[in-house]
Every structure is written in structure tokens, then in C-alpha cells.
Number of protein chains: 2
Amino acid sequence: MVNGGTDGLRERKKRRTREALIDAAHTLFCEKGFEATTIDEIAEAVEVSPRTFFRYFTSKEDVALSLADEQITAVLEAFAGQPAGLPVLTAMRAAAVGVVRAYEAEARFGSLQRLISVSPALAAARVERGAARLDEVARLVGARMGVDPAADPRPHLVASVLLCAVQPAVVAWRAAGREAPESELTGQAFDLLAAGLDYPAASG
Amino acid sequence: MVNGGTDGLRERKKRRTREALIDAAHTLFCEKGFEATTIDEIAEAVEVSPRTFFRYFTSKEDVALSLADEQITAVLEAFAGQPAGLPVLTAMRAAAVGVVRAYEAEARFGSLQRLISVSPALAAARVERGAARLDEVARLVGARMGVDPAADPRPHLVASVLLCAVQPAVVAWRAAGREAPESELTGQAFDLLAAGLDYPAASG
DNA sequence: GAAATTCTGTCACTCACTGACAACTGTCGT
DNA sequence: ACGACAGTTGTCAGTGAGTGACAGAATTTC
């Protein structure tokens with residue numbers, strides 16, 4: 001028996017190590033850049049062996065993007081929670097804006113975005129991670145469209161576009177020189193996205 | 001002086017080495033898979049040193065995607081050549097379908113697609129390469145929209161979506177079990193893309 | 001043919017990442 | 001409290017990607 005609510009010492013220690021690694025990595029990445037930082041440096045900063053680093057994260061990209069992962073999960077949950085009947089793009093817009101607004105208070109979030117936009121390796125890794133969750137997104141999109149993702153390819157199609165589009169959209173917006181709260185950027189990016197693909201509009 | 005029309009021996013030799021490397025790499029990738037193939041094996045197959053390999057290509061992904069690069073270039077040229085006034089998505093559809101149709105006779109094209117869809121590392125690398133040409137695409141999109149990409153963020157936004165969307169769309173379609181000529185896949189993917197994002201349609 | 005270019009191979013190195021094994025540290029039953 | 005057990009960690013050794021430096025070979029130019 002035992003745990004009076006909290007987990008055992010072992011669990012707590014692991015969580016602390018993990019957090020410390022994320023923290024140290026993030027700091028070093030911001031200071032020296034992603035590629036210029038070595039695993040050895042990260043491990044040394046936390047006083048663990050480099051081997052241990054790889055027991056917590058599968059790669060250098062993995063530490064950097066562990067925060068982004070939480071965010072993707074949050075967006076998907078929010079997407080699932082949008083009222084039925086909403087167009088897919090509209091629902092995703094609402095989900096993304098909501099989550100970004102919730103996160104933008106944290107300083108680490110902004111610096112992570114900056115990190116990703118500067119490092120092609122990180123940007124690629126993020127896309128790769130997104131692709132790994134393609135089926136999950138397709139399921140949600142399929143549910144919203146009222147079709148079975150196993151039989152109809154459209155949900156997968158739309159899902160892959162949404163996955164690829166959301167993040168670059170914000171980055172592109174920022175690259176264009178607009179500086180504003182992330183949540184606003186995201187919303188406007190979606191607006192322009194919907195309008196821009198049909199430009200000049202085929203119908204009205 | 002000299003070159004009676006053909007380039008010098010040195011140039012020809014370089015071109016041949018380059019082609020041989022692409023060829024050997026492609027064959028090995030198809031036989032053993034992308035990650036399971038080492039640079040040493042590729043180099044040995046062509047009888048050059050591994051160091052020389054890196055004088056022709058910057059990475060393992062680079063050899064694999066050298067063919068895909070030609071294709072992207074072709075698509076962009078075709079996109080630029082579409083009649084003005086066409087909606088951006090429509091123009092890109094026509095460009096992509098045309099190019100894919102032109103390429104699908106080559107066997108290597110199909111196997112490259114298969115390779116990419118199987119290897120996350122390759123898929124990520126392709127996105128990365130596409131992103132490197134973002135500005136180029138944005139220029140073309142901006143021209144079609146009649147706005148200045150330097151002042152208006154929309155072209156960049158639309159460009160990044162187009163870049164990210166085109167290839168995954170085809171892959172997703174194929175993953176859904178549809179087997180048909182690439183050109184048809186591409187066309188249908190675009191059709192569903194346009195419809196799916198607005199599903200259920202907001203207007204009409 | 002000699003000199004200047006340009007390619008190429010060899011060597012030595014860094015860094016990401018992995019398997020194996022031994023030492024250590026919480027955990028749990030008694 | 002103690003010992004068996006399981007999970008965690010460090011060390012070691014190794015593979016593979018990718019890079020800089022230098023010397024020698026091939027090509028081009030004169």
C-alpha cells in the first residue's frame with residue numbers, strides 16, 4: 001500500500017529529472033542555438049550521463065518538441081469539443097486560437113516558436129511528429145464530417161493539410177513582420193487561409 | 001579553347017558520377033530501405049570514397065530527394081504558366097496534375113514516392129526542402145493574387161499551405177487504399193481538399 | 001610539356017544514438 | 001530492520017552521419 005496520494009519517490013525523481021532536462025535543454029537551445037548545443041552539454045547541466053538523456057528522450061528534437069506535443073494534444077481535444085455542424089476549418093480555427101491563447105502567457109512557449117522558426121531541423125521534426133498523429137486527426141475530422149475515415153479518404157486528406165498548415169501559417173505570418181499576441185496571429189492566419197486559397201474567389 | 005559543343009571530360013565525368021550515385025542510392029534504398037542503407041554502401045557501389053559522396057550531396061536525404069527537387073521546380077514553373085485569373089488552388093491543381101502526369105511514366109518516380117511514404121525521415125526532409133523554397137512560391141502566389149508579398153502576408157501563408165499540402169494529400173489518398181495513376185490521385189486529392197475544408201459547406 | 005585548377009582519397013575527428021552489463025536505488029513483503 | 005526484486009543509472013564499446021585538412025592524381029590551360 002502506501003502512497004498517501006503522491007506517487008513514490010522513484011516516480012517523483014523521474015519527473016524531476018525529465019523536467020530538468022527539458023529546462024536545461026531549452027535554456028541552452030535559446031543561448032547557443034539548437035544545432036550548436038550537444039547532448040553532452042544538456043546532460044552535464046543536469047548532472048546525468050548522456051546515456052540517461054536518451055532514456056528520457058529519443059532524440060535532441062524530442063526534448064525540444066516535448067512542449068509542442070502537449071500543445072498539439074490540447075488543440076486536438078479542443079477541436080473534438082467544438083460544436084457539431086461547424087465547418088472543419090472553422091472548428092480548427094477556434095481550437096487553435098483557444099489553445100494558443102491559453103499558452104501564450106508562458107514565456108517558454110514563445111521562445112520555442114522562435115526556436116522552431118529558426119531551425120529547419122526542428123521544423124521538419126515537428127512536421128514528422130504531426131504526421132505520426134495523422135490517424136488521430138483524421139478520426140476527429142471524419143467524425144465532424146459524418147463519414148468513416150476507413151472508407152472515405154477525405155478525412156485523411158483534410159487532416160494532413162490541417163496538420164501541416166496550422167504551424168507554418170503562424171510562422172509565415174510572423175515572418176511577414178507582423179508582431180502581435182500569438183492567439184491573434186493564429187486567428188488571422190486562419191482567416192486569410194480560408195480566403196487566400198480561393199483567391200480570386202470563385203463564388204462571391 | 002576547345003569544347004566542340006560538348007563540355008570537357010571533367011564535366012562529363014562529374015555528371016556521370018552524380019548520376020551513378022543517385023542510381024545506386026535509389027536501388028539500395030528500394031532493396032534495403034532508406035535507413036538501413038549506409039553511405040559507405042552507396043559509395044562502394046559506385047567505387048568512390050565516402051568522402052566523395054559528400055562532395056556531391058549534403059546528406060543521405062539529399063540523394064534520395066534530388067529527383068523530387070526537379071519535380072518541385074517543374075510544378076512551380078507550371079504554376080507560373082497557368083492563365084491569370086485562375087484561383088490559386090485551381091492553378092496549383094492544374095500545375096501539379098500536369099507535372100505528375102509527365103513524370104509518372106518513369107519508374108523511379110513511383111518508387112521514390114513509395115520510399116518517401118514509408119520513411120518518416122524522408123517525408124520530413126521533403127517538407128524541409130519545400131520550406132526552403134517558400135519565398136519563391138510566395139512570389140508566384142503573390143503575383144497571381146495581385147499583391148506584393150513583401151507587404152501582404154497572405155501569399156506567404158497560402159504558399160506554405162500549398163507546399164505542405166500537395167504531397168501529403170497524395171500520400172493520404174494512397175494510404176486510404178486508392179490505387180490509380182498518380183496524376184489522377186493528385187487531381188482528386190485537390191478536389192476533395194477544396195471541398196473538405198469547408199465541410200459542411202458554409203455557402204452552397 | 002609545365003603550371004595552375006580542380007577532384008579525389010586518406011586520415012582524424014565530432015556528434016547523435018544504441019546495445020550490453022554491472023552497480024546502484026527505491027519498493028515491497030515479511 | 002532486512003533481504004529479494006525491479007527499475008534506474010553510469011560506463012564501455014561501437015555504428016553511422018557528417019566535416020576539415022592535406023597530399024596526390026587527374027584535367028585544363030598556356
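With four residues, α3(A) gives the largest share of the protein surface near DNA strand D; here "near" means that a heavy atom of the residue lies within 4 Å of the strand. Helices such as this one are DSSP runs (H or I, at least four residues), numbered from the N terminus. This is a predicted model, where local features need pLDDT of at least 70 and side-chain atom pairs count only at pLDDT 80 or more, while totals for chains, interfaces and linings use all residues. Residues are numbered from 1 along each chain as its sequence is written, chains are lettered from A and ligands numbered from 1 in the order in which they are written, and side-chain values use heavy atoms, without hydrogens and water.

Let's stay with strand D. Around DNA strand D there are 22 residues, and Lys14(A), Thr52(A), Arg55(A), Tyr56(A) and Leu9(B) come nearest. Of the atoms of DNA strand D that come within 4 Å of the protein, 56% belong to sugar and phosphate.

Now for strand C. Its surroundings hold 21 residues, with Lys13(A), Arg51(A), Lys14(B), Thr52(B) and Arg55(B) nearest. Here α3(B) supplies the largest share of the nearby surface, four residues.

Some polar contacts (pairs of N or O atoms within 3.5 Å) are listed here.

| Protein part | DNA part | Distance |
|---|---|---|
| Leu9(A), backbone | strand C, phosphate oxygen | 3.0 Å |
| Arg10(A), side chain | strand C, base oxygen | 3.0 Å |
| Lys13(A), side chain | strand C, phosphate oxygen | 2.5 Å |
| Leu9(B), backbone | strand D, phosphate oxygen | 2.6 Å |
| Lys13(B), side chain | strand D, phosphate oxygen | 3.2 Å |

Key
A polar contact is a pair of N or O atoms within 3.5 Å; within protein, one must be able to donate a hydrogen and the other to accept it, and residues adjacent in sequence count only if both atoms are side-chain atoms. Helices (H or I, at least four residues) and strands (E, at least two) are DSSP runs, numbered from the N terminus.
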